[in-house]
Every structure is written in structure tokens, then in C-alpha cells.
Amino acid sequence: QVPLVESGGALVQAGGSLRLSCTASGALRDRVISWFRHAPGEVRYFVAAITGSGSRTYYEDSLKDRMIVSRDKAKNTVYLEMNRMIPDDTAVYSCAAGVAASFSPTSLYSAENSYAYWGQGTQVIVSS
């Protein structure tokens, strides 16, 4: 079974909204799940994270006003809702499963080596 599968990537117009999904295998249902994005020519960039219980969320400061991360434990799925999208949101979005249900200190949520499994990514393109 593939550990993580993303879906929902699409071409959207600036100002629009999009919801991405990350379906995790049952073995990862209690892990931190995070979203990262990777634009051409740039490094991979942390977007948002949610703890294994779903009780806490963390965001990249510059994105927190437009992004909402949530999880449905019954479906083993984590969502990333993106609002008021801009062309700079164009990237491949990947979800990742952490090595634990939560991290301390919180800086670990944005650290790539906190994650053991990565999805293949889903392409998001925002047109101006």
C-alpha cells in the first residue's frame, strides 16, 4: 500500500480556492501530516502541519491567513484548503508523514528530516 497519496491539484485563477487531499495508509493515521510545496527553481517549502490527533495546526507565517489544514481521522485523510490564491502559490504540493504524533519544539514541523514518508505530489497552477 502506498503510504501517502495526494490529489486535488488543478489549474485555478488568481483569487480562487482549492482543496488538496492527502490519504494516508492506516499505519500513519496517528502521525503528524504536513504539506510542503516545491516550485521550479526553488527549495521545498513548508506550508502547514497537523498533529496526529488533529488538535493542533501549524502554518508558515506568510501563508497562515490563506491556508487551512484539517484531517478526517475516519477517512485517514488530511486536507489543505487554499484561499485567495496567487500565482506564487504555483508549485507541486506534497504531503509528508512525520515520525511521531507531534513534535517539540514546534520548529520541527517545518524540518524535512522530521518526516519519514512523502507522497508523490500534486501540481497546482495559479493563473493571473
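Cys22 is buried, because its relative accessibility is 1% and the cut-off for burial is under 20%. Cys95 has a relative accessible area of 0% and is therefore buried as well. Both values come from a predicted model.

These two cysteines are bonded to each other. A disulfide joins Cys22 to Cys95, with an S to S distance of 2.1 Å. The structure holds one disulfide. The link of Cys22 and Cys95 is right-handed, with 75° about the S-S bond. It connects distant parts of the chain. Cys22 lies in strand β3 and Cys95 in strand β9, and 73 residues separate the pair.

Strands β3 and β9 also contribute to the largest nonpolar core. This core has 26 residues. Within it, the residues with the most contacts are Trp35, Leu80, Met82 and Tyr93. Seven strands were identified as contributors of at least two residues each: β3 (18-24), β4 (33-38), β5 (45-50), β7 (67-72), β8 (77-82), β9 (91-98) and β11 (122-127).

Met82 illustrates the packing. Residues up to four places away in sequence aside, Met82 touches Gly16, Ser17, Leu18 and Leu20. Arg66, Met67, Tyr93 and Val124 complete the list of its contacts. Tyr93 thus appears twice: as a contact of Met82, and among the residues with the most contacts inside the largest core.

A second core is separate from this one. It comprises nine residues, including Val32, Ala49, Phe103 and Tyr115.

Conventions:
Residues are numbered from 1 along each chain as its sequence is written. This is a predicted model: local features need pLDDT of at least 70, side-chain atom pairs count only at pLDDT 80 or more; totals for chains, interfaces and linings use all residues. Side-chain values use heavy atoms; hydrogens and water are left out. A nonpolar core is a set of buried Ala, Val, Leu, Ile, Met, Phe, Trp, Tyr and Cys residues joined through side-chain atoms within 4.5 Å. Buried means under 20% relative accessible area, exposed over 50%, partly exposed in between (1.4 Å probe, protein chains only). Helices (H or I, at least four residues) and strands (E, at least two) are DSSP runs, numbered from the N terminus. Contact means heavy atoms within 4.5 Å. A disulfide is a pair of cysteine sulfur atoms within 2.5 Å.
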